[in-house]
Amino acid sequence: MPQLIAGPIFSFLISSTAIATTLAGPLATALGYAIFGAGLYLASSLLAPDRPSVPKPDDGSYNLKQNVPPRTYVLGRTKKGGDYIFLEERNGSAYHIMAWACHRIQGFVQHYGHDDKLTLDGSGNVTSHYSVGSSHYVNIQTRAGLNSETAYSDVVSVFPDAWGSTCRGDGIASVRMRCDTVDQENYLDAFPNQMPEHSAVGDGALLYDPRKDGTQGGSGSHRYDNPLTWEFSSNLALMRLWHLCHPVGGKMPYSAMHLPDWINAANVCDQIVTNRTGGTERRYHGGFWFRANNDPVEVGRIMDEAAEMVVYERADGKVGVHAGEFVAPDVRLTADNIFSIRVDKNRRRSATVLAVRGRYVNPANHYVTEDAAIYGDPYGFVDDSTERTKTFDNQAIQSHNHCQRKQKLAFIRANARKVSVVADYTADNIRDVAFRRFVTVHYPSRGLAEATIEVTSSVSIDLRNMRISFSGIVIPSTMYDFDAAHEEGVPGEQVSAIDNGGVPAPVNFAASIQTEVVSGGSTAAFINATWDFVAPSLMYELEYDRTSGSTGLQSAFSKAGDTQVRSGYLVDGQEYRVRLRAWGGGSKSDWTDYQTLTATADPVSPGPVTDVQTVDVSTPGEALFGWTSPNTPRYFATRIYVSTVDDVGTATLVATEYGAPGAADSRTVTLSADTYYAWLVAINASGVPATAEATGAFTVT
């Protein structure tokens with residue numbers, strides 16, 4: 001198991017931070033929690049140079065395959081792949097087991113395969129993809145990462161030597177995906193992008209909420225020393241509290257937290273705001289994921305920045321937090337207690353920011369990182385030296401409204417007047433600057449009349465000269481106000497994925513019976529199929545079968561780019577059903593509807609019978625017919641039709657007499673007593689009839 005944190009290095013940073021905070025006051029930066037002092041930050045960089053950056057949301061679109069991947073932590077709801085811990089194949093099925101998070105999670109919300117949303121039935125079978133007809137070839141099972149989990153029984157059964165019943169994955173949220181083998185003909189229909197690349201949207205870690213702890217001023221059963229009482233939340237303040245007290249983050253005890261501050265910060269994050277569409281959402285909620293080897297300072301900065309929090313150490317030594325809201329200053333500095341002040345109007349064109357471009361993660365578009373609407377006017381000045389835009393990007397933000405509110409704050413701060421103050425340490429309330437985010441400075445001669453200052457630097461205390469110094473920016477008290485209807489703007493259109501329609505079905509399919517002369521001078525029938533040209537890469541399959549079902553299915557394939565194909569020779573006189581489909585890139589289209597045809601090898605009739613005799617009815621219940629067959633090699637047989645009315649259209653076939661051409665022939669037919677009319681029809685071997693010859697009326701007794 002990889003080491004979760006950097007060990008003594010990180011311990012050194014935390015202890016050094018505590019010392020610096022005691023002397024210098026809050027971690028006074030509006031953009032997030034950072035290590036005090038340039039020297040200490042440099043030291044942390046030198047001591048831990050190998051820490052990778054926190055993954056971007058798009059980094060989770062694939063599954064990591066390596067021997068021992070760093071542990072993964074998921075906060076809030078997000079979409080990501082997993083880390084492979086098992087991949088084997090046996091008996092035609094591949095079994096994938098992936099660690100989605102190295103802790104207990106609330107549960108999985110949506111599964112994806114190659115960024116396509118998957119629909120699962122109650123047994124875990126994927127029914128929306130990877131299927132052919134009623135056969136489903138992918139099955140997904142999950143585990144939430146309980147303290148005592150259950151092994152995947154099918155993996156244990158198939159691989160008892162490699163994955164036993166003790167391989168439960170306790171405390172690891174995991175996914176088991178089984179992919180079954182598909183026959184070659186249907187492979188690309190079931191797996192058009194080869195083996196599925198799994199990812200999932202899930203609700204991550206359970207978090208301690210002091211508002212729900214009856215022992216800490218809240219109301220409820222939450223206890224910080226019992227994770228089983230915690231609940232899932234996407235509240236960014238609760239995420240930050242968890243991170244500060246987790247071994248992968250600050251490694252501090254919950255008892256070191258000033259929980260009233262955190263309760264207030266959580267309440268601020270839960271405040272309802274209105275977005276541009278008139279809907280409502282929480283002020284500071286979101287989600288993201290990171291690895292154990294990511295810099296905990298950077299992980300904390302992401303949450304602090306997204307929720308507008310400033311984490312600091314209070315005078316009593318506990319860790320507090322300034323929530324993402326404006327608080328009227330209770331510390332006021334005037335010319336009487338300020339030794340020196342420097343005001344930078346920040347009006348240089350090279351430093352002026354005309355607009356802020358924001359990026360956020362859009363849950364409505366499969367958690368893809370998107371550009372928000374631009375805040376400001378990037379074309380306000382015509383001067384190449386002007387910094388037209390500033391980019392704001394935070395992977396924990398999952399709302400356009402949230403991103404726009406942050407863009408507004410970034411715009412205000414980038415263009416605000418900058419102030420540096422050196423004040424008298426002995427003045428009333430001046431020492432509280434170290435524990436405040438906003439202070440009031442009244443210095444009219446420098447253009448600061450009851451100005452609100454946001455402290456953006458560490459507060460430095462010089463006890464030798466009894467002075468206190470800090471830097472900040474001049475902000476309006478309405479900085480956090482936001483009119484979504486006018487300020488949020490409209491995000492760009494989502495780029496919708498083009499649906500893969502597959503191989504196009506044949507267009508204008510037509511089938512006909514044709515004949516050709518074969519050896520010996522006889523003729524044979526075959527099916528000729530035609531269709532409209534669509535693409536030169538497509539080839540077509542003609543399937544045909546006798547409706548009697550005696551020969552079985554047969555197929556004929558065209559060449560790529562052709563617009564016709566012919567079948568093999570058919571059984572003369574038999575009825576066939578035929579259909580067509582297209583093939584391209586190893587996949588196939590749907591079949592066309594069936595067409596029914598009758599094979600006719602010889603379309604020319606043999607000519608009518610001659611010398612039709614009077615029907616002999618001398619024997620009761622019988623009728624004797626006599627005739628001479630046509631003298632042509634096309635002659636095959638004579639059909640006898642009988643009706644009780646003088647209308648050949650109502651006649652019924654009662655007998656077929658086979659004989660030689662040009663010969664006298666006869667046939668006795670048994671009939672019930674009645675008056676009848678009969679017709680004799682000569683046919684060729686393909687059943688093509690000649691003209692019917694009538695016998696006249698006769699009466700059977």
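Guide: Let's start with a ruler: the expected span of a helix is 1.5 Å times one less than its number of residues. Keep in mind that this is a predicted model.

Visitor: How do you know that the span of helix α7 agrees with what it should be?

Guide: Helix α7 covers residues 296-307, 12 residues in total, so at 1.5 Å a residue it should span 16 Å. Its end C-alpha atoms sit 17 Å apart, and that agrees.

Visitor: What makes you call α7 mostly covered?

Guide: Buried means under 20% relative accessible area, and 10 of the 12 residues of α7 are buried. Among them are Pro296, Val297, Ile302 and Met303, along with the charged-type names Asp304 and Glu305.

Visitor: What happens at the start of α7, and what comes just after the helix?

Guide: At the start, a side-chain oxygen of Asp295 comes to within 3.0 Å of the backbone nitrogen of Val297. A polar contact needs N or O atoms within 3.5 Å, so this pair falls inside the cut-off. Just after α7, Glu308 has a positive phi of about 60°.

Visitor: Why does Ala414 count as buried?

Guide: Ala414 has 17% relative accessibility, and the cut-off is under 20%, so buried is the word. Ala414 belongs to helix α8, residues 400-415.

Visitor: Which residues is Ala414 in contact with, neighbours within four places in sequence aside?

Guide: Asn346, Ala351, Val353 and Lys390. Take Ala351: it lies 63 residues from Ala414 in sequence, yet C-alpha to C-alpha the two are 8.3 Å apart. Contact is judged on heavy atoms within 4.5 Å.

Visitor: And Ser233: buried or exposed?

Guide: Buried, because its relative accessible area is 15%, and the limit is under 20%. Ser233 is in the loop between β12 (231-232) and α5. Its side chain reaches the backbone nitrogen of Asn235 at 3.0 Å, and Ser233 also touches Gly76, Ala205, Leu207, Leu238 and Met239, setting aside residues up to four places away in sequence.

Visitor: What makes a set of residues a nonpolar core?

Guide: Its members are buried, come from a list running from Ala to Cys, and are joined through side-chain atoms within 4.5 Å. The largest such core here has 58 residues, and those with the most contacts inside it include Leu75, Leu241, Trp242 and Phe288. Helix α5 (residues 236-244) gives the largest share, 7 residues. Leu241 touches Tyr208, Pro210, Tyr254, Met257, Leu259 and Trp262, residues up to four places away in sequence not counted. There is also a second, separate core of 24 residues, with Val331, Val419, Ala423 and Val474 among its members.

Visitor: Why are β3 and β9 called edge strands?

Guide: Each pairs on one side only. The open sheet has 4 strands in the order β3-β4-β10-β9, with antiparallel pairing, and its twist averages 15° from one strand to the next.

Visitor: How do you know that β3 and β4 pair?

Guide: Two strands pair if there are at least two bridges between them, and β3 and β4 have 7, in the antiparallel sense. For one of the bridges, the partner of Leu87 is His96 in β4.

Visitor: Which strands make up the sheet that holds β41?

Guide: The order is β39-β38-β41-β42, an open antiparallel sheet, with edge strands β39 (652-658) and β42 (693-700). The twist there averages 25° from one strand to the next. β41 and β42 share 7 bridges, and at least two are needed, so they count as paired. Leu680 stands opposite Glu693 in β42.

How values were computed
Residues are numbered from 1 along each chain as its sequence is written. This is a predicted model: local features need pLDDT of at least 70, side-chain atom pairs count only at pLDDT 80 or more; totals for chains, interfaces and linings use all residues. Side-chain values use heavy atoms; hydrogens and water are left out. Helices (H or I, at least four residues) and strands (E, at least two) are DSSP runs, numbered from the N terminus. Buried means under 20% relative accessible area, exposed over 50%, partly exposed in between (1.4 Å probe, protein chains only). A polar contact is a pair of N or O atoms within 3.5 Å; within protein, one must be able to donate a hydrogen and the other to accept it, and residues adjacent in sequence count only if both atoms are side-chain atoms. Axes are lines fitted to C-alpha atoms, for helices over the stretch in contact, and angles run from 0 to 180 degrees between N-to-C directions.
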